[in-house]
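Here is a set of exercises to work through with the model open in your viewer. Try each task yourself before you read the solution below it.

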Amino acid sequence: MTKQVIAVYLRLSGEDKDIGKNESNSIANQRQLILDYVQSDKALSEYEVREFVDDGVSGARFDRVAFQEMIKQAQNGEIQIIITKDYSRLGRDYLEVGKYMECLFPLLHVRYIAVNERYDSNNYVGKTGGMEVGIKNIVNMMYSRDASKKVMAARKVLTEQGKFIGSFAPYGYVKSPEDKHKLIPDPEAAEVVRRIFTLAAEGKKYKEIARILNEAGVETCLDYQKSHGRERKHGTEIKVHQWSATTVMDILYSEVYIGTIINNRMEQNQRTVYKSKRRKPEEWTVVENCHEPIVSRELYEAAHEKLDRKSQAKKVKSGNSSARLFLCGCCGHALIKRHGKYKCPANLNPAELNCSRVRVDAKVFEKTVLTYIRVTAESFLQNLEKKKKMQKETQENGLGMEVIRQKIKKLENRRFQAYDDYTREKLSRDEMRSLRDKLQEEINALNDTLAVREKEQEELSHMTDISEEELTVLVGLSEFNAEKIRVLVKNITLFEDGNIEIVWNTDDFLKDF
């Protein structure tokens with residue numbers, strides 16, 4: 001006989017950690033509490049125990065990896081009992097938690113136990129967990145929402161105290177082992193920072209300083225962090241890292257190197273938390289003398305006096321810059337246009353990379369790109385018209401997504417009603433299961449149809465991110481214009497053999513033809 005299994009589910013969210021709420025919520029304490037409970041019950045102690053852990057994942061979401069694996073095993077009949085510390089460890093959305101406790105677990109014949117709540121589904125045969133369970137689950141959901149606000153309030157207090165709250169220490173510093181909100185100089189990198197400021201004070205410009213560092217073989221910020229076990233993911237994939245004028249400028253204009261912490265540069269949307277906008281400088285939180293400076297204020301001001309950034313701020317862009325539109329196929333750096341040619345500016349070892357061979361006549365290259373873009377834009381227009389026509393026909397035939405969703409909702413309500421009829425003894429268990437299976441088949445078929453409609457809508461939305469007017473402009477473009485081409489193209493990579501690779505700003509529908 002196969003040994004029966006208890007699933008011990010443990011969860012700790014980021015909010016629990018950040019606001020220091022209840023040390024008892026730690027993974028170790030949850031584990032010990034549940035194991036003690038299992039050992040205290042003679043029947044349970046004979047079960048095999050399997051542990052599922054989601055550490056640092058919010059209970060408001062149910063796509064947690066360990067949670068989904070546990071549910072999968074329960075559906076396969078591998079798990080007979082699920083135990084959590086309390087309802088909130090299972091989740092903090094009371095509707096979802098209720099669905100698992102009152103619908104899915106009973107249907108799978110899985111016994112559910114919440115130790116601290118003294119809830120055991122074996123004591124609630126043929127009925128729900130009562131109003132107490134529902135109220136507690138609602139409270140848990142409200143806590144989840146309130147926790148985010150508390151975290152943001154705590155961060156505000158830290159910023160006003162001049163504490164460092166970034167995920168990674170800036171180049172030249174590391175976080176103090178005693179206090180993660182305090183920066184201390186990283187001797188090796190700090191020396192490079194001082195060298196940059198000294199060169200700037202001597203009158204060297206950004207590009208000159210970058211060239212000096214590259215010639216001296218100084219590791220870039222990213223390479224240095226990686227070699228010291230502090231690797232950070234970078235948005236732009238560049239095969240060979242070099243110091244650039246931009247990196248040098250960012251260091252020279254960062255006041256963190258004179259001991260000043262500046263927070264609240266960006267304002268986050270309180271509801272979505274991820275959409276941000278830049279605040280005005282007068283709204284920033286600026287606190288001086290927060291940590292040991294790497295450069296003196298005198299050296300900082302001397303460097304800025306020589307740099308005279310104001311003169312550069314007056315430079316007017318032409319509106320036709322090809323910066324980072326064209327990339328080198330050997331090293332990934334942006335190509336520059338000089339003396340009628342596009343070429344890679346990286347001064348690398350020819351024995352390792354052939355960047356020196358990545359060059360092309362500017363007029364020929366621009367004409368080739370322009371021709372291809374015009375043809376592609378015309379195809380996009382035709383495809384957009386086709387998609388809109390299909391969508392219109394779908395709506396007219398009564399197969400729109402909203403109609404399908406309403407049908408699915410009605411069928412799901414009927415499935416829940418079937419279980420309710422079973423608990424009221426209006427249906428036998430076999431009749432309830434048969435009806436629910438039949439309804440689920442209909443739901444699955446509608447979900448498949450809905451998925452197709454949603455894919456079509458998504459493809460159309462990708463297309464409509466680029467307006468018909470913009471595409472029409474591209475079709476009629478007679479002269480190369482980088483800014484207008486960016487509407488359709490993210491970047492174009494040129495390889496040493498003359499071949500090019502285009503990355504679009506939208507799904508490449510051409511793959512379907």
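## Warm-up: the whole chain

In this predicted model, residues 24 or more positions apart account for 67% of the protein chain's contacts with a separation of 6 or more.

**Exercise 1.** Describe the protein chain as a whole: how many helices and strands does it have, and what percentage of its residues is buried?

*Solution.*
- Start with the secondary structure: the chain holds 17 helices and 17 strands.
- Next, take burial: of the 513 residues in the chain, 37% are buried.
- Finish with the surface: the accessible area is about 30,700 Å², and carbon and sulfur atoms contribute 48% of that surface.

## Strand 1 and its partners

**Exercise 2.** Decide whether strand 1 (residues 5-12) is enclosed or open to the outside, then work out which strands it pairs with.

*Solution.*
- Count the buried residues: 8 of the 8 residues in strand 1 are buried, so the strand is largely enclosed by the rest of the structure.
- Sort the side chains by direction. In a regular strand, side chains alternate between the two faces of the sheet. Here Val 5, Ala 7, Tyr 9 and Arg 11 point one way, while Ile 6, Val 8, Leu 10 and Leu 12 point the other way. Both sets are buried, Arg 11 included.
- Look for the pairing with strand 2 (residues 48-55): it is parallel to strand 1 and joined to it by 8 bridges. Arg 11 has Asp 54 of strand 2 as its bridge partner.
- Now find strand 3 (residues 81-84), which also runs parallel to strand 1, with 3 bridges between them. In this pairing Val 8 stands opposite Ile 83.

**Exercise 3.** Compare Lys 3 with Thr 84: which is buried, and which is exposed?

*Solution.*
- Place the residues: Lys 3 sits in the segment before strand 1, and Thr 84 belongs to strand 3.
- Apply the cut-offs, under 20% for buried and over 50% for exposed. Lys 3 has a relative accessibility of 51%, so it counts as exposed. Thr 84 has 0%, so it counts as buried.
- List the contacts, leaving out residues up to four places away in sequence. Lys 3 is in contact with Glu 46, Tyr 47 and Glu 48. Thr 84 touches Tyr 9, Ile 34, Arg 89, Leu 90, Tyr 112, Ile 113, Ala 114 and Val 115.
- Add one distance: Lys 3 and Glu 78 are 75 residues apart along the chain, and their C-alpha atoms are separated by 9.7 Å.

## A three-stranded sheet

**Exercise 4.** Find the order of the strands in the sheet that contains strands 13, 14 and 15, and say which strands are at the edges.

*Solution.*
- Trace the pairing: the 3 strands make an open, antiparallel sheet in the order 13-14-15.
- Identify the edges: strand 13 (336-338) and strand 15 (359-361) each pair on one side only.
- Read off the twist, which averages 25° from one strand to the next.
- Zoom in on strand 14 (residues 341-343): 3 bridges link it to strand 15 in the antiparallel sense. One pair to look for is Lys 341 with its bridge partner Asp 361 in strand 15.

## Two helices that cross

**Exercise 5.** Classify the packing of helix 7 (residues 187-201) against helix 8 (residues 206-215).

*Solution.*
- Take the geometry: the angle is about 140° and the axes are 10 Å apart.
- Compare with the limits. Roughly antiparallel requires an angle over 145 degrees, so helix 7 and helix 8 are oblique to each other.
- Give the handedness: the crossing of helix 7 and helix 8 is right-handed.
- Name the residues that make the contact: Val 192, Arg 195, Ile 196, Leu 199 and Ala 200 come from helix 7, and Ile 209, Ile 212 and Leu 213 from helix 8.

## Two unusual backbone angles

**Exercise 6.** Check the phi angles of His 109 and Asn 289, and say where each residue lies.

*Solution.*
- Begin with His 109: its phi is positive, about 60°, although it is not a glycine. His 109 lies in the loop between helix 5 (94-107) and strand 4 (111-114). With 47% relative accessibility, His 109 counts as partly exposed.
- Turn to Asn 289, also not a glycine, whose positive phi is about 55°. Asn 289 is in the loop between strand 11 (285-287) and helix 11 (297-307). Its relative accessible area of 69% makes Asn 289 exposed.

Notes: Residues numbered from 1 in each chain as written. Predicted model: local features only at pLDDT ≥ 70, side-chain atom pairs only at ≥ 80, totals over all residues. Heavy atoms only, no water. Helix = DSSP H or I, 4+ residues; strand = E, 2+ residues; numbered from the N terminus. Buried < 20%, exposed > 50% of the residue type's maximum accessible area, 1.4 Å probe, protein only. Contact = heavy atoms within 4.5 Å. Areas by Shrake-Rupley, 256 points an atom, 1.4 Å probe, with all protein chains shown as cover. Pairing = 2+ DSSP bridges. Axes fitted to C-alpha atoms, helices over the stretch in contact; angles between N-to-C directions. Parallel < 35°, antiparallel > 145°, perpendicular 65-115°, else oblique. Left-handed = near helix turned anticlockwise from the far one by under 90°.
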